[in-house]
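The report below walks through one protein chain, moving from a single loop residue to the packing of the interior and then to ring contacts and backbone angles. Please keep the sequence and the model in view while reading.

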Amino acid sequence: MYIGRFVIVAPDFGAYRVSSRSFPNRQIVDRDGTLTVAPTPDAPENDNPYVSYNCVREGGDAVVVGNGSHVDPIAEKLDLGYPARDALASALLALDYEKDDYDTPRVAGVVGEESYVGIVRRDALLVEAVDEPTLVATYEADAPTPIDFAGDASADPADLARRAYDLDYEHAVCAAGVTYDAGGVDVGFYNGE
């Protein structure tokens with residue numbers, strides 16, 4: 001099944017996976033702790049504004065995961081002291097779903113003292129607190145749903161990314177993982193083989 005891009009958010013860890021039929025030539029790069037989805041060196045030229053973006057970024061005392069340019073304003077609102085729920089909801093509402101051929105939803109999560117997952121679709125804005133691993137995706141699984149995905153703050157973020165990449169959904173491209181505890185945030189990624 002193809003569910004597109006998705007986030008998994010838990011109280012102390014998270015993951016994000018790029019799944020794509022249209023733009024598979026992408027990778028995640030680490031830019032001083034901010035993880036960015038970017039074209040691979042062999043990717044064809046394109047002018048699609050939704051192909052490259054920060055997918056993991058620290059904000060305040062938390063970390064944001066998501067599928068587009070909304071990751072930055074969520075992190076910036078956290079830096080300003082917004083509660084996680086408000087930062088997530090206000091940025092998703094302001095940027096709305098992507099205005100592409102598919103009206104692609106924006107998905108995101110905040111992992112921190114309070115962890116939340118959210119989506120803005122053409123027909124809804126949903127933001128929910130999480131107390132167990134919860135998945136939300138751009139297609140098919142486009143409402144927060146519990147998922148069997150083990151992990152905790154002591155997990156290796158690169159291993160979380162690899163396991164998200166390996167989930168049985170079609171067209172995996174690359175993935176990111178994050179952990180959160182009192183010691184801070186740790187990030188990792190997996191770009192396939």
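Which residues does Thr104 touch, not counting residues up to four places away in sequence? In this predicted model, Thr104 touches Arg5, Asn67, Tyr97, Glu98, Thr138 and Tyr139 once those sequence neighbours are set aside. Thr104 lies in the loop between H2 and S7, and with a relative accessible area of 1% it is buried. The side chain of Thr104 is also joined to that of Asp100 by a polar contact of 2.7 Å.

**Helix H1 and its surroundings**

Helix H1 spans residues 71-79, and Val71, Ile74, Ala75 and Leu78 are buried in it. These residues cover an arc of only 95 degrees around the axis, which puts them on the same side of H1. The buried residues of H1 pack against two strands, S5 (53-59) and S6 (62-66), as well as against helix H2 (84-95) and strand S7 (106-111). Just after H1, the backbone at Gly81 takes a positive phi of about 100 degrees.

**The nonpolar interior**

In soluble globular proteins, nonpolar side chains tend to be buried together. Here the largest nonpolar core has 24 residues, and those with the most contacts inside it are Val7, Tyr16, Cys55 and Val56. At least two residues of this core are supplied by each of several strands, including S1 (6-9), S2 (13-19), S4 (34-39), S8 (116-121) and S12 (172-181). The largest share, five residues, comes from S12. Apart from this core lies another, of 18 residues, among them Phe6, Ile8, Ala15 and Ala155.

Val56 can be followed in further detail: leaving aside its neighbours within four places in sequence, Val56 is in contact with Gly33, Thr34, Leu35, Val63, Val64, Val65, Val71, Ala176, Val178 and Val187. One of these partners, Val71, is among the buried residues of H1.

**Aromatic rings and charges**

A search of the whole structure finds five aromatic pairs. In one of them, the rings of Tyr165 and Tyr190 have their centres 4.9 Å apart and their planes at 80 degrees, so the pair is edge-to-face. This pair links distant parts of the chain, since Tyr165 belongs to helix H3 (residues 157-166) and Tyr190 to strand S13 (residues 184-190), 25 residues apart. Both Tyr165 and Tyr190 are buried.

Rings also take part in contacts with charged side chains, where the charged end of Lys99 sits over the ring of Tyr97 and that of Arg163 over the ring of Phe149. The distances are listed below.

| Charged residue | Ring | Distance to ring centre |
|---|---|---|
| Lys99 | Tyr97 | 4.0 Å |
| Arg163 | Phe149 | 4.5 Å |

**Loops and backbone angles**

Most residues other than glycine have a negative phi. Asp32, although it is not a glycine, has a positive phi of about 55 degrees; Asp32 lies in the loop between S3 and S4 and, at 82% relative accessibility, counts as exposed. Asp96 likewise has a positive phi, near 60 degrees, and is found in the loop between H2 and S7. With a relative accessible area of 26%, Asp96 is partly exposed.

Ser22, in the loop between S2 and strand S3 (26-31), counts as partly exposed at 46% relative accessibility. The C-alpha atoms of Ser22 and Leu80 are separated by 36 Å, and the two residues are 58 residues apart along the chain.

Notes. Residues numbered from 1 in each chain as written. Predicted model: local features only at pLDDT ≥ 70, side-chain atom pairs only at ≥ 80, totals over all residues. Heavy atoms only, no water. Buried < 20%, exposed > 50% of the residue type's maximum accessible area, 1.4 Å probe, protein only. Helix = DSSP H or I, 4+ residues; strand = E, 2+ residues; numbered from the N terminus. Arc of directions from axis to C-beta. Contact = heavy atoms within 4.5 Å. Core = buried A, V, L, I, M, F, W, Y, C linked by side-chain atoms within 4.5 Å. Polar contact = N/O pair within 3.5 Å; in protein donor to acceptor, adjacent residues only side chain to side chain. Phe/Tyr/Trp six-rings, centres within 6.5 Å; stacked < 30°, edge-to-face > 60°. Lys NZ or Arg CZ within 6 Å of the ring centre and 35° of its normal.
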